[in-house]
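I opened a fresh notebook page for this one. My plan is to look up charged pairs, then the core, then the aromatic rings.

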Amino acid sequence: NDPADADLQEEEATESQNDFCESTTNYATTARQRGTGKQAAQWMHFFERLKLFQEDNGHLNVPREYNLTLYNWAVNQRHQLTKHAPKGYRKMRIDALNSIGYSWGLRRPH
């Protein structure tokens, strides 16, 4: 294992995290400017809950039995982000979900 490779991977991971933080900050700022701060805050709340679920469980497949509201939110992102959200929001939300490894394929219901 080359230490230079490890350093490069760490730099890339840090850069990716920084880009994501900047992206979510821009998302929140844009939402406030457009008067949709409540919806953006609600989306970020569920996104943070999904990240906590992932940290605790090692995956993003929230079972219905765990929390029906979070389950529905996670499943509905696929449809909502491809059909209903304004383009700028879609990109920021999709980038955020991609950053944690969200699966965009169809999933079997629990």
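Which residue's side chain meets that of glutamate 48 in a salt bridge? I found lysine 51, with N to O at 3.3 Å. I note that this is a predicted model.

**Entry 1: charged pairs**

I placed both partners in helix H2. Glutamate 48 and lysine 51 are three residues apart there, so about one helical turn separates them. I also checked how open glutamate 48 is. Its relative accessibility is 34%, so I wrote down "partly exposed".

How many salt bridges does a search of the whole structure find? It finds two. The other one I looked up joins lysine 91 and aspartate 95. Their closest N and O atoms are 2.8 Å apart. This pair sits in helix H4. The two residues are four apart, so the separation is again about one helical turn. Lysine 91 is exposed, at 53% relative accessible area. Aspartate 95 is partly exposed, at 31%. I added a reminder: side chains of opposite charge can pair when their charged atoms come close.

**Entry 2: the core**

Next I turned to the nonpolar residues. The largest nonpolar core has 17 residues. Among those with the most contacts inside it are Trp43, Phe47, Leu50 and Trp73. Which elements give two or more residues to this core? I listed H2, H3 and helix H4, the last covering 87–99. H2 gives the largest share, six residues.

I then followed leucine 50. I set aside its neighbours within four places in sequence. What remains in contact with leucine 50 is Leu60, Val62, Leu70, Trp73, Ala74, Leu97 and Ile100. For context, nonpolar side chains tend to be buried together in soluble globular proteins.

**Entry 3: aromatic rings**

I counted four aromatic pairs. One of them is phenylalanine 53 with tyrosine 66. Their ring centres are 4.7 Å apart and the planes make an angle of 70 degrees. That is an edge-to-face pair, because the angle is over 60 degrees.

Where do the two rings sit along the chain? Phenylalanine 53 is in helix H2, residues 37–57. Tyrosine 66 is in the loop between H2 and helix H3, which spans 68–83. The two are 13 residues apart, and the pair links distant parts of the chain.

Are these two residues buried or exposed? Phenylalanine 53 is at 2% relative accessibility, so I marked it buried. Tyrosine 66 is partly exposed, at 45%.

My last note is on a cluster. Ring pairs link Trp43, Phe46, Phe47 and Trp73. Trp43, Phe47 and Trp73 were already on my core list.

Conventions:
Residues are numbered from 1 along each chain as its sequence is written. This is a predicted model: local features need pLDDT of at least 70, side-chain atom pairs count only at pLDDT 80 or more; totals for chains, interfaces and linings use all residues. Side-chain values use heavy atoms; hydrogens and water are left out. Rings of Phe, Tyr and Trp (its six-membered ring) pair if their centres lie within 6.5 Å; planes under 30 degrees apart count as stacked, over 60 as edge-to-face and the rest as tilted. Buried means under 20% relative accessible area, exposed over 50%, partly exposed in between (1.4 Å probe, protein chains only). A nonpolar core is a set of buried Ala, Val, Leu, Ile, Met, Phe, Trp, Tyr and Cys residues joined through side-chain atoms within 4.5 Å. Contact means heavy atoms within 4.5 Å. A salt bridge is a side-chain nitrogen of Lys or Arg within 4 Å of a carboxyl oxygen of Asp or Glu.
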